[in-house]
Amino acid sequence: MFTIDMLPAYQGDCLWVEYGTPDNPHRVLIDGGPSRSYKALKVRLISERECTPNKQLHFELLVVTHVDSDHIAGVLELLVGLPRGVTFGEVWFNGWDHLPNLEDDRLGPVEGEQLSAVIKRRKLRWNQAFEGKAACVPEHGTPPCIPLDGGMQLTVLSPTTSQLVKLRPAWKKTVEKAGLAARSAEDALKQLKTKEPWSDMLGEEGEPDPEALASKPFAADSAEANGSSIALLAEFEGRACLLASDA
């Protein structure tokens, strides 16, 4: 068994991956969509939990690919109000402390700082497969191949160290604009409690027009956050899937 369900995430991603056997499934959750996606994710979590022994629902891994709201905001909602019995073996997420330190400062974007604070507060295993360092591809050498319990192998294809370097000034600019003066778990959690509802809709309202979009001239994506996406090749029992995020 190797399945991937795309939960309603509007313009973002929320991917529920299962592998193994129907009697003994293993799970990976990749992103949570924008904040309004959490309602559908929570329903799925509780429904699946009720069907498991002892009402325990375990994920081998939670991957937060990058700091854009349409990927990270739903994860924040999840971890702040984590349903009882839902657990994660590890979290892969590149926060401020994982970006190459080319400056002597401690600033970070708001939602990235909030997620970092919640991960620490819940004492989750964070980037342990990378010895606590960034989940990324070295500039030289072989991309990391990480085996998960149950037999799945994940090969990290993105980001590179240079892409994380590019993210750092954009991260700093974002937090300064939001008025978060310095990296602080206490400040981040305080702002999370008093935040306004996320306005995380990108693009125009309504259904997209694929033909109109396809006719537009190509324009390369130069967004630093997208370039920092954790992209993975997932392999299990002879089957493979590219999980590209916004890379």
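**Exercise 1. Backbone exceptions**

Where does Lys 55 lie? Locate this residue and characterise its backbone, then treat Ser 245 and Pro 159 likewise.

*Solution.* Lys 55 lies in the loop between H1 and E4; helices (H or I, at least four residues) and strands (E, at least two) are DSSP runs, numbered from the N terminus. The model is predicted, so local features need pLDDT of at least 70 and side-chain atom pairs count only at pLDDT 80 or more, whereas totals for chains, interfaces and linings use all residues. Residues are numbered from 1 along each chain as its sequence is written, and side-chain values use heavy atoms, with hydrogens and water left out.

Step 1. Lys 55 is not a glycine, yet its phi is positive, at about 55 degrees. Most residues other than glycine have a negative phi, and most peptide bonds are trans.

Step 2. Lys 55 has a relative accessibility of 40% and therefore counts as partly exposed. On this scale, buried means under 20% relative accessible area, exposed over 50%, and partly exposed in between (1.4 Å probe, protein chains only).

Step 3. Ser 245, also not a glycine, has a positive phi of about 50 degrees. Its place is in the segment after strand E11 (239–243).

Step 4. The peptide bond between Ser 158 and Pro 159 is cis, with omega about 5 degrees. Pro 159 belongs to the loop between strand E9 (153–158) and H4.

**Exercise 2. The five-stranded sheet**

Derive the strand order of the open sheet of five strands, and state which strands stand at its edges.

*Solution.* Two strands are taken to pair if DSSP finds at least two bridges between them.

Step 1. E1 and strand E2 (residues 15–21) run antiparallel and are joined by five bridges. Within this pair, Ile 4 stands opposite Val 17 in E2.

Step 2. E2 and E3 also run antiparallel, joined by seven bridges. They form a hairpin with two residues between them, and Leu 15 has Ile 30 in E3 as its bridge partner.

Step 3. E3 pairs with strand E5 (residues 61–63) in the parallel sense, over three bridges. Here Ile 30 stands opposite Val 63 in E5.

Step 4. The complete order is E1-E2-E3-E5-E7, and the pairing is mixed. Strand E1 (2–6) and strand E7 (91–92) stand at the edges; each has a single partner strand, so one side of each is left without a neighbour in the sheet.

Step 5. Strand E3 (residues 24–30) has five of its seven residues buried, so it is largely enclosed by the rest of the structure.

**Exercise 3. Nonpolar cores and the H2–H3 packing**

Identify the elements that supply the largest nonpolar core, and describe how H2 packs against H3.

*Solution.* A nonpolar core is a set of buried Ala, Val, Leu, Ile, Met, Phe, Trp, Tyr and Cys residues joined through side-chain atoms within 4.5 Å.

Step 1. The largest core has 35 residues, and those with the most contacts inside it are Leu 41, Leu 45, Leu 79, Phe 93 and Leu 115. At least two of its residues come from each of helix H1 (38–50), strand E4 (57–59), helix H2 (69–80), strand E6 (86–88), helix H3 (110–121) and helix H4 (161–178). H2 provides the largest share, five residues.

Step 2. A second, separate core has 22 residues, including Phe 2, Trp 92, Ala 135 and Met 152.

Step 3. Contact means heavy atoms within 4.5 Å. Beyond its neighbours within four places in sequence, Leu 79 is in contact with several residues, among them Leu 62, Phe 88, Leu 115 and Leu 124.

Step 4. The axes of H2 and H3 come within 10 Å and cross at roughly 30 degrees. Axes are lines fitted to C-alpha atoms, for helices over the stretch in contact, and angles run from 0 to 180 degrees between N-to-C directions. H2 is therefore roughly parallel to H3; angles under 35 degrees count as roughly parallel, over 145 as roughly antiparallel, 65 to 115 as roughly perpendicular and the rest as oblique.

Step 5. The crossing of H2 past H3 is left-handed, the term used if the near helix is turned anticlockwise from the far one by less than a right angle, with right-handed for clockwise. Residues meeting across it include Ile 72, Leu 76 and Leu 79 in H2, and Leu 115, Val 118 and Ile 119 in H3.
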